[in-house]
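Here are a few exercises to work through with the model open beside you. Try each task before reading its solution.

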Amino acid sequence: KIRRLDVRGKAVAPGFIDAHRHGDYAVLTDPDFGEAELAQGITTVLFGNCGMSAVPTAPESRKAWLDFMEPCLGKVPEGKTLSTFQEYFQEVERQKAPLQTGVLVGMGSIKTAIKGFSSLPWSENEIRMGQEMIGEALEAGAMGISCGIMYIPESYSTTEEYVKLLKPATAYRRPLCCHMRNEGDHLVKAVDEVIEIGQRTGLPINISHFKVFGRRNWKRTLDCAIEHIEKAREKGQDITVDFYPYTGGATTLMTLIPPCCIKETVDETLAFLSTEKGVALLRNEIRREQRGWDNMVQSIGWERVLINYAPRNKEYQGLTVPQICQKMGEKDEAACMARILVEEQGNVGVIVMSMDPEDVDRVARLPYASVISDSLYGAPEFPHPRSYGAFPKVLREYVRERRIMRAQEAIHKMSGFTAKRFGMKDRGQIKEGLRADINVLDLEAIRDTATFQKPRALAEGMDYVIVNGNVVWDHGKINRSYPAGVLRADNFR
């Protein structure tokens with residue numbers, strides 16, 4: 001049956017593609033999955049970013065790894081013991097989600113499956129095992145590879161080890177999406193590292209959520225990093241970046257712990273932080289610069305760190321660390337930080353107000369930058385507002401209000417640019433022969449309503465969202481009778 005839509009006076013655009021969401025388990029467990037996405041016009045999503053993918057996993061390290069990822073991916077339901085990409089794809093297809101779902105294979109997941117949280121170098125046998133896992137994931141249809149070099153246990157890996165591990169990926173030419181080793185004082189060095197990995201492997205490189213944090217780096221360090229990227233591009237290297245339109249990011253509280261306080265496993269780290277010796281070391285080290293490691297607390301201050309996920313201490317959600325200290329009757333922020341981590345068994349999410357608006361605008365204007373949300377699903381009650389509003393915020397603020405870019409440019413950064421980056425030949429444009437993934441919206445009304453204070457608010461102004469020719473969003477209502485299916489890289493061969 002043909003349905004005719006009256007779209008007079010509206011804009012018609014390709015469906016938006018969000019290549020960086022952490023909904024790996026939300027798509028399997030959340031009955032409302034798709035609502036926040038479709039309200040923004042997102043028709044295709046990619047999971048498995050920042051080195052953290054739901055699979056592969058191994059029985060020995062699975063629980064520890066899933067617990068570690070909980071602030072980002074959310075809590076895994078009992079009985080979900082997925083090991084391979086084939087198992088994961090089957091589970092996603094069973095859920096009949098209204099969005100098309102693709103996945104990257106995470107290098108952190110691979111490393112933990114083989115080595116747990118060990119800081120020891122990769123052995124030659126372990127390298128071969130890692131190469132096999134990468135090859136299996138790409139053959140199964142993973143859309144690319146992601147790394148989270150900032151996070152343990154990946155942070156222990158060297159550039160040389162990455163080059164060896166990624167050797168089998170060269171034949172597939174799918175993007176390597178990099179959460180770099182550093183995004184503050186050592187940003188330029190981190191950019192150079194991923195450029196080198198790309199040069200030596202021949203893989204296309206995408207720098208995830210490209211930014212710089214730390215007040216002393218604002219309006220200064222980013223330009224040098226961009227210069228290094230553009231020199232590589234001028235030499236013919238395939239390298240792009242993406243960004244989200246906010247000055248606050250989100251991560252886990254564990255990433256703010258200095259390396260000298262991190263032990264072999266998460267449990268051992270928490271046991272150490274529960275002692276007076278551990279708190280004293282944390283207190284001393286969090287106050288000083290660390291060689292080779294960006295000290296987020298030192299660079300932005302405790303007052304810019306807000307707890308947004310603490311399931312055992314929900315009264316702290318939405319408060320900054322100094323506010324929590326006051327609530328606890330604790331004068332020492334380091335002791336407060338350690339106490340929360342221990343009580344929450346390490347599963348604490350934070351929002352860090354770490355960026356300068358002019359730097360974010362600088363990245364947004366880059367012709368090789370695409371729009372993402374970097375949505376985390378580990379804080380369902382108090383998420384970062386980007387989960388609900390990143391894409392319409394660009395159209396409202398960057399296009400309509402501040403005129404940072406034209407509507408056509410913004411829409412391309414949300415659709416066609418991303419489709420090309422990931423080899424999605426059947427979408428990203430409105431063109432005969434391509435998938436009918438289409439948004440109908442009012443460019444004068446589209447807007448985000450989610451804020452840091454009230455983050456769970458749906459976007460407004462998206463009239464219709466059409467996925468593969470089916471109307472799945474109609475003025476705020478989801479039609480779930482048309483499952484969108486799983487996106488595999490072999491769909492585009």
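**Exercise 1. Cysteines**

Task: Decide whether C177 counts as buried or exposed, and find how many disulfides the structure holds.

Solution: Please keep in mind that this is a predicted model.

- Step 1. Start with accessibility: the cut-off for buried is under 20% relative accessible area. C177 has 2% relative accessibility, so C177 counts as buried.
- Step 2. Now look at C178, which is also buried, with a relative accessible area of 1%.
- Step 3. Count the disulfides: the structure holds zero. C177 is in none, and the nearest cysteine sulfur to its own, that of C178, lies 7.3 Å away.
- Step 4. Check C178 in turn. The closest cysteine sulfur to that of C178 belongs to C147, at 3.6 Å. A disulfide needs two cysteine sulfur atoms within 2.5 Å, so the sulfurs of C178 and C147 are too far apart for a bond.

**Exercise 2. Strand 10 and its partners**

Task: Work out which strands are joined to strand 10 by bridges, and in which direction they run.

Solution:

- Step 1. Locate strand 10 at residues 305-309, where five of five residues are buried.
- Step 2. Follow the bridges to strand 12 (residues 349-353): four of them join the two strands, which run antiparallel. One pair to find on screen is I307 with its bridge partner V350 in strand 12.
- Step 3. Turn to strand 11 (residues 319-320), joined to strand 10 by two bridges, again in an antiparallel arrangement. Here L306 has T320 as its bridge partner.
- Step 4. A reminder for viewing side chains: in a regular strand they alternate between the two faces of the sheet.

**Exercise 3. Two pockets**

Task: Describe the largest pocket and the second largest pocket by volume and lining.

Solution:

- Step 1. The largest pocket has a volume of about 660 Å³. It is lined by 37 residues, and those closest to its centre are M150, Y151, R181, T255 and W293.
- Step 2. Helix 3 (62-73) and strand 9 (248-252) are the elements that give two or more residues to this lining, and strand 9 gives the most, with three.
- Step 3. Sort the lining of the largest pocket by type: 22 nonpolar, ten polar and five charged residues.
- Step 4. The second largest pocket has a volume of about 570 Å³. Its lining has 29 residues, with D30, Y377, P380, Y388 and R456 closest to the centre.
- Step 5. Helix 2 supplies the largest share of the lining of the second largest pocket, three residues. By type, this lining divides into 14 nonpolar, six polar and nine charged residues.

Definitions and conventions. Residues numbered from 1 in each chain as written. Predicted model: local features only at pLDDT ≥ 70, side-chain atom pairs only at ≥ 80, totals over all residues. Heavy atoms only, no water. Buried < 20%, exposed > 50% of the residue type's maximum accessible area, 1.4 Å probe, protein only. Helix = DSSP H or I, 4+ residues; strand = E, 2+ residues; numbered from the N terminus. Pairing = 2+ DSSP bridges. 1 Å grid on protein atoms, 1.4 Å probe; cavity = no way out; pocket = protein on both sides within 12 Å on 5 of 7 lines; lining within 4 Å. Points joined across faces, edges and corners; volume = space filled by probe spheres on them. Nonpolar A, V, L, I, M, F, W, Y, C, P; charged D, E, K, R; others polar.
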